[in-house]
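Reader: I'd like to go through this one with you, a question at a time. Could you keep it casual and show how you get to each answer?

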Amino acid sequence: MRTHLSHIRNLGILAHVDAGKTTVTERFLYLTGATHKRGEVHDGTTVTDFDPQERDRGITIFAAAVSCDWDGHRINLIDTPGHVDFSDEVERSLRVLDGAVAVFDAVAGVEPQSETVWRQADRHGVPRIAFVNKLDRAGADLDTAVASIRDRLNTVPLVVQLPIGREDGFTGVVDLLRMRALVWGADDACAEGPVPEELREEAARRRRLLEETVAELHPAALDEFCARGELGERTLADALRELTAGGEGVVVLCGSAYRNRGIEPLLDAVVAYLPSPTDVPSVRGTHDGAVQERAADPTAPFAGLVFKVHSTATGRLTFLRVYAGTIRKGETVLDATAGRTERVGRILRVQADRNTDVDRAVAGDIVAVVGPKAARAGATLCAPDAPLLFEPPTSAAPVVSVAVEARRSLDTDRLASALARLVEEDPSLVVRTDPETGQTVLSGLGELHLEVATEKIRRAHGLDVAVGRPQVAYRETVVRGVSGFVYRHVKQDGGAGQFAHVVLDVEPLDGPDGTFAFGSAVTGGRVPQEYVRAVEAGCRDALAEGPLGGHPVTGVRVTLVDGATHAKDSSELAFRTAARFALRDALRAAEMTLLEPVAEVTVTAPDAAVGAVLGDLAARRGRISGSSAHSGTTVLTATVPLAELFGYASRLRSRTQGRATFTTRPAGHIPRASGVART
């Protein structure tokens with residue numbers, strides 16, 4: 001029996017590392033009957049962290065899809081990584097989700113990666129509800145965590161529960177919509193009853209505050225509030241659902257996943273407040289330059305997006321979100337991205353590393369298919385007679401690189417094959433050959449990202465590889481430009497020659513990393529438009545290698561101010577070549593500076609160790625940007641060059657006797673202090 005589209009929820013679990021999202025996922029599976037034993041992260045028995053590296057390291061590395069059923073609804077769930085090095089996995093997952101549960105630590109509140117994944121969800125317009133976890137920990141405080149959500153995420157928290165008990169005494173919650181108490185006993189069973197006498201006044205106050213906040217945001221709720229002086233339970237629930245869908249507020253629940261408290265109401269909230277595939281706007285794609293929409297309708301032409309590729313011992317799994325239509329096993333589909341057809345041999349309902357064969361998948365489903373040989377993450381699969389191309393997820397630019405080589409020359413070809421498979425599975429990894437040394441260079445989003453990738457080569461492919469010291473990805477930019485830079489390209493070697501004359505202005509361009517702007521100020525048709533486009537292409541070619549160290553050039557504006565052509569010898573190739581050499585020489589004449597990648601580092605250390613931490617950060621050219629103290633610990637925030645962070649984990653442990661922890665997130669590029677050079 002198929003589930004109606006309105007009874008499907010496609011959601012992800014988002015959080016900072018160690019906030020408890022995998023434990024929340026495990027409790028979902030256990031309470032819904034999908035598993036019969038609670039998996040624990042510390043025991044290495046979780047369903048979603050099934051990769052050996054995930055169990056060894058105790059963190060989620062790869063996004064894992066699972067399904068379960070609750071209250072007549074099917075929940076397709078993706079447990080996402082929480083470490084910043086694997087944020088690209090989160091990005092690809094968010095692209096195919098309709099909603100998300102953001103998990104926060106009740107002690108730490110909003111943490112750096114919490115902000116990162118929240119902003120990613122903002123970009124994709126994914127509605128969220130929040131779950132404040134670990135209320136049983138010492139120092140846990142719901143109000144403090146909610147305040148951090150309000151202040152750091154710039155959203156309106158709509159708190160629908162009140163904790164019963166504090167820290168070790170946390171036993172349940174008060175449901176502020178129904179004004180009933182939910183208490184979990186020693187057997188983990190949930191018992192419903194009246195609100196405890198000592199909490200009735202506080203529960204009433206918080207219910208009133210919730211009603212007032214909702215009335216301020218929701219017109220229909222405001223009308224009822226003005227007419228009756230209060231909001232009914234149905235009105236309040238409907239308003240919360242609409243505010244969640246519109247991103248105007250975030251429903252906040254609380255509990256302790258590890259102690260099995262608060263999970264049932266969280267599942268109820270997923271069903272009540274997060275949208276189904278029919279509630280989200282129709283998906284948009286293009287065909288022959290025209291924008292088309294496809295509704296979540298099983299009878300529409302098939303269209304789906306590949307968000308993950310995984311190679312297993314038994315074959316290649318292509319993870320797919322079906323947006324429209326129906327896909328059946330044995331059918332032929334079109335890979336609109338590559339322009340080739342693929343045959344679907346099997347369709348699988350995935351449960352992490354286990355799966356079940358199904359005959360078909362319809363709009364709203366998240367499944368894995370076996371058969372496509374070349375479909376990559378971000379590819380659009382669609383009906384051959386109704387082509388459609390979706391915008392693929394974007395991948396972050398790599399910031400760290402290592403040289404890798406097989407220790408045995410006989411394994412060189414096997415290493416090349418293993419690297420190709422890695423890049424196929426993880427588009428944020430880039431493999432290239434260094435033109436000077438001939439070494440194979442693997443680039444990724446961080447030191448841990450590359451550690452996991454190289455370890456996967458060793459374990460999955462049985463290869464013994466040597467890995468060089470990590471290197472960061474520098475960039476170059478213009479500090480002071482040049483005006484009226486003249487370059488004439490003339491080549492005559494018999495027959496038709498090449499002639500192009502260009503005059504360029506080069507100046508700095510303020511903006512985010514990776515910016516380049518090109519313009520033409522040529523008048524009178526001195527340079528035809530087709531040659532102007534060739535000049536822009538040549539300038540882009542020149543930006544691949546800067547004059548300081550051969551690093552990519554960013555933050556530059558180039559204007560073509562004049563030029564000249566030859567009746568016979570001018571061509572697009574000539575102007576592209578002239579522009580490439582002209583900008584190369586102009587950058588040598590300009591004042592340039594090196595940009596180095598930096599990270600925002602948040603260190604949590606006991607007060608007694610703060611001096612040692614500050615001294616070490618200063619030695620690493622760190623710039624302190626903030627600090628706060630709480631219950632005998634200090635949280636320091638600093639901006640540190642990424643090149644100085646290699647090996648920081650072990651250094652921090654030794655300086656603080658293992659009592660300090662740290663997290664990082666990318667913070668762009670800044671000028672290197674010693675990188676200014678005039679050539």
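Reader: Is Asp-464 buried, partly exposed or exposed?
Author: This is a predicted model, so treat what follows as computed from it. The relative accessible area of Asp-464 is 45%. Exposed needs over 50% and buried needs under 20%, so Asp-464 counts as partly exposed.

Reader: Which residue forms a salt bridge with Asp-464?
Author: The bridge links distant parts of the chain, with the partners 57 residues apart. Asp-464 sits in the loop between helix 11 (447-461) and strand 27 (465-467), while the partner sits in the loop between strand 24 (400-406) and helix 10 (412-425). That partner is exposed, with a relative accessible area of 56%. The closest N and O atoms are 3.2 Å apart, and the residue is Arg-407.

Reader: Which residues do salt bridges with shared partners join into one network?
Author: Here the bridges share partners, so look for a group rather than a pair, a salt bridge being a side-chain nitrogen of Lys or Arg within 4 Å of a carboxyl oxygen of Asp or Glu. The members of the network are Asp-88, Glu-89, Arg-92, Lys-308 and Asp-426.

Reader: How many residues apart are Arg-234 and Asp-238, which meet in a salt bridge?
Author: Their side chains meet at 2.9 Å, N to O. Arg-234 is exposed at 59% relative accessible area, whereas Asp-238 is partly exposed at 34%. Both lie in helix 8 (residues 233-246), and the spacing is about one turn of the helix: four residues.

Reader: In the salt bridge of Asp-122 with Arg-128, which residue is buried?
Author: The closest N and O atoms of this pair are 2.9 Å apart. Asp-122 has 37% relative accessibility, so it counts as partly exposed. At 9% relative accessible area, the buried one is Arg-128.

Reader: How many salt bridges does the structure hold?
Author: Side chains of opposite charge can pair when their charged atoms come close. The chain has 78 positive and 91 negative charges, and their mean positions are 4 Å apart. The number of salt bridges in the structure is 52.

Reader: How many of the eleven residues of helix 1 are buried?
Author: Helix 1 covers residues 21-31 and is largely enclosed by the rest of the structure. Its buried residues include charged ones such as Lys-21, Glu-26 and Arg-27, along with Val-24, Phe-28 and Leu-29. Just after the helix, Gly-33 takes a positive phi of about 85 degrees. The count of buried residues in helix 1 is nine.

Reader: And which residues of helix 9 are buried?
Author: Helix 9 (residues 263-273) is mostly covered, with nine of its eleven residues buried. Going along the helix, they are Ile-263, Glu-264, Pro-265, Leu-266, Leu-267, Ala-269, Val-270, Val-271 and Tyr-273.

Reader: Where is Ile-366, and what is it in contact with?
Author: Ile-366 is found in strand 22 (residues 366-370) and counts as buried at 6% relative accessibility. His-16 lies 350 residues away in sequence and 24 Å away in space, C-alpha to C-alpha. Leaving aside neighbours within four places in sequence, the contacts of Ile-366 are Asn-10, Asn-76, Ile-78, Val-96, Leu-97, Phe-307, Leu-320, Arg-321 and Arg-349.

Reader: What is the phi of Asp-71?
Author: Most residues other than glycine have a negative phi. Asp-71 has a positive value and lies in the loop between strand 2 (64-70) and strand 3 (73-79). It is exposed, with a relative accessible area of 59%. Its phi is near 55 degrees.

Reader: Which residue in the loop between strand 12 and strand 13 has a positive phi although it is not a glycine?
Author: The loop runs between residues 283-287 and 290-294, the two strands. The residue has a phi of about 55 degrees. At 73% relative accessibility it counts as exposed, and it is Asp-288.

Reader: Zooming out, what radius of gyration does the chain have?
Author: The chain comes to 15 helices and 38 strands, and its C-alpha trace spans about 95 × 65 × 65 Å along the principal axes. With 679 residues, a compact globule would be near 26 Å. The chain agrees with that, at 28 Å.

Reader: What share of the residues is buried?
Author: The chain exposes about 29400 Å², and carbon and sulfur atoms supply 49% of that area. Of the 679 residues, the buried share is 53%.

Notes: Residues are numbered from 1 along each chain as its sequence is written. This is a predicted model: local features need pLDDT of at least 70, side-chain atom pairs count only at pLDDT 80 or more; totals for chains, interfaces and linings use all residues. Side-chain values use heavy atoms; hydrogens and water are left out. The radius of gyration is taken over C-alpha atoms; the globule rule is 2.2 Å times the number of residues to the power 0.38. Buried means under 20% relative accessible area, exposed over 50%, partly exposed in between (1.4 Å probe, protein chains only). Accessible areas come from the Shrake-Rupley method with a 1.4 Å probe; for residues, only the protein chains shown count as cover. The place of a charge is taken as NZ of Lys, CZ of Arg, CG of Asp or CD of Glu. Contact means heavy atoms within 4.5 Å.
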